[in-house]
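Open the model in your viewer and switch to a cartoon view. This tour goes from stop to stop, with a selection to make at each one.

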Amino acid sequence: MNVVDLRSDTVTRPTAAMRAVMAGAEVGDDVLGDDPTVQRLEATIAERLGLEAALFVPSGTMANLLAIAVSTRRGDEVLLHIDAHPFQHEAGGAGMFAGVQLHPLGHGGPFLDPTEVLSAVRPPNDHYAPATLLCVEDTVNKGGGAVYPLDRLRDLHRAAHGAGLATHLDGARLFHAVVASATPADVRVRGFDSVATCFSKGLGAPVGSALVSDRERIALARRYRKALGGGMRQSGVLAAAALYALDHHVDRLAEDHARARALGDGLATMGFDVEPVATNMVYVGVDDGPAWQQALSEHGVACFAHGPRRLRLVVHLDVDDAGIRRAIEAFGRIG
Ligand SMILES: Cc1ncc(COP(=O)(O)O)c(C=O)c1O
């Protein structure tokens with residue numbers, strides 16, 4: 001059966017044109033500082049985000065971990081949303097490798113509230129782990145793919161900096177936010193000390209993320225990447241795919257957003273409980289998430305239950321209009 005794969009935007013396969021660019025990439029040993037394509041990618045993404053430097057890493061998880069490690073000391077506390085990726089889905093790496101304590105906030109709604117952030121910063125006292133970093137996620141994966149309003153981002157980094165915290169933006173889907181808000185990337189990330197962004201989520205690259213920040217943090221992150229075994233040799237083959245994705249697959253994210261809206265509207269018209277669709281994710285409330293996941297898979301639609309009563313459907317480069325129609329039909333046949 002030909003499956004419509006809506007499990008994640010990470011399932012995309014490199015296009016023929018992307019593979020051709022990868023095959024022709026000029027490469028060297030990046031651990032020795034010799035790979036011109038990796039260097040070009042790092043310079044390109046740093047410039048695009050208006051920051052000084054970047055580091056190409058294997059995954060968003062490593063980009064977030066390095067961001068946390070370079071802006072904290074062991075024993076510090078990191079403030080973040082309870083649904084944030086490092087708290088929910090990064091295998092406890094921040095505690096395991098950076099030695100920090102994660103302090104989850106924001107138990108209602110997708111966005112962090114600056115007042116709540118400030119009230120979580122406790123005064124110096126030997127009983128407390130000092131909060132030294134705020135992490136913000138945009139778009140908000142478990143928050144329905146929501147896009148932070150720009151003024152909320154600004155209020156958050158201002159509040160955090162005012163309280164002496166550094167700030168990190170987990171922009172795994174930064175370019176979805178850029179396209180949905182029609183705001184350039186450098187404007188969206190302005191004021192954050194570091195940004196993680198992924199080339200493999202919706203942009204269609206097979207592997208790779210970047211940590212983007214100032215020169216000092218990136219130099220330290222490079223050493224920590226090496227310590228974690230994340231130094232890669234002829235990684236220009238992968239950087240070439242990321243560069244291709246930045247050139248060819250950013251603007252087209254608008255198509256994914258339109259298809260996600262069509263999917264959400266179609267399901268809502270049929271009476272399903274659909275959360276507001278802001279980017280490429282459609283969250284649907286159901287009576288039994290795992291049972292729906294199973295039933296949909298039997299009808300050729302792959303997706304994940306996110307919790308006992310919530311399904312997540314993610315639209316991406318490899319999903320066309322026919323795939324959206326098939327997904328809607330499958331819901332109709334089951335429901
Ligand atoms: C918001 C967010 N941050 C970070 C990551 C981690 O990325 P990776 O799977 O490349 O480690 C993900 C993965 O889906 C994500 O959704």
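**The seven-stranded sheet.** Start with the sheet whose strands run in the order 2-8-7-6-5-3-4. Seven strands make up this open sheet, and their pairing is mixed. Keep in mind that the model is predicted. Now color the two edges: strand 2 (53-57) and strand 4 (101-105). Each of these edge strands pairs on one side only. Look along the sheet and follow its twist, which averages 20 degrees from one strand to the next.

**Inside that sheet.** Select residues 131-137, strand 5, and residues 166-171, strand 6. The two pair in the parallel sense, over five bridges. For one position to zoom in on, take Leu133: its bridge partner in strand 6 is Ala166.

**A cis peptide.** Move to Asp138 and Thr139. The peptide bond from Asp138 to Thr139 is cis, with omega near 0 degrees. Thr139 sits in the loop between strand 5 and helix 7 (150-162). Most peptide bonds are trans.

**The ligand.** Select the ligand and show the residues around it: Ser59, Gly60, Thr61, Asn64, His85, Glu137, Asn141, Asp170, Ala172, Cys198, Lys201 and Ser209. Which helix gives the most to this shell? Helix 3 (residues 60-70) does, with three residues. Color the shell by class and you get two nonpolar, seven polar and three charged residues.

**A positive phi.** Next, pick Ala91. Its phi is positive, about 60 degrees, although Ala91 is not a glycine. Most residues other than glycine have a negative phi. To place Ala91, find the loop between helix 4 (85-88) and helix 5 (93-98).

**Helix 2 against helix 11.** Show residues 36-49 as helix 2 and residues 236-248 as helix 11. How do these two helices cross, left-handed or right-handed? Helix 2 passes helix 11 in a left-handed crossing. Their axes come within 8 Å and cross at roughly 35 degrees. Turn on side chains for the contact. From helix 2, display Pro36, Thr37, Val38, Arg40, Leu41 and Thr44. They meet Gly236, Ala239, Ala240, Ala242, Leu243 and Leu246 of helix 11. By class, this contact of helix 2 with helix 11 holds eight nonpolar, three polar and one charged residues.

**Helix 12 against helix 14.** Hide that pair and select helix 12 (residues 253-269) with helix 14 (residues 321-334). These two pack at an angle of about 20 degrees, and their axes are 10 Å apart. Angles under 35 degrees count as roughly parallel, so helix 12 is roughly parallel to helix 14. The crossing of helix 12 past helix 14 is right-handed. On the helix 12 side, the contact is made by Arg259, Ala262, Leu263, Gly266 and Leu267. Helix 14 brings Asp321, Ile324, Ala327, Ile328 and Phe331. The contact residues of helix 12 and helix 14 divide into seven nonpolar, one polar and two charged.

**The four-stranded sheet.** Finish at the open sheet of four strands, in the order 9-10-13-12. Its pairing is antiparallel. Mark the edges, strand 9 (273-274) and strand 12 (304-305), each of which pairs on one side only. Then add strand 10 (residues 281-285), which pairs with strand 9 in the antiparallel sense over two bridges. For the last zoom, center on Val274: opposite it, in strand 10, stands Val284.

Note on methods
Residues numbered from 1 in each chain as written. Predicted model: local features only at pLDDT ≥ 70, side-chain atom pairs only at ≥ 80, totals over all residues. Axes fitted to C-alpha atoms, helices over the stretch in contact; angles between N-to-C directions. Parallel < 35°, antiparallel > 145°, perpendicular 65-115°, else oblique. Left-handed = near helix turned anticlockwise from the far one by under 90°. Contact = placed C-beta atoms within 7 Å. Nonpolar A, V, L, I, M, F, W, Y, C, P; charged D, E, K, R; others polar. Pairing = 2+ DSSP bridges. Near = placed C-beta within 6 Å.
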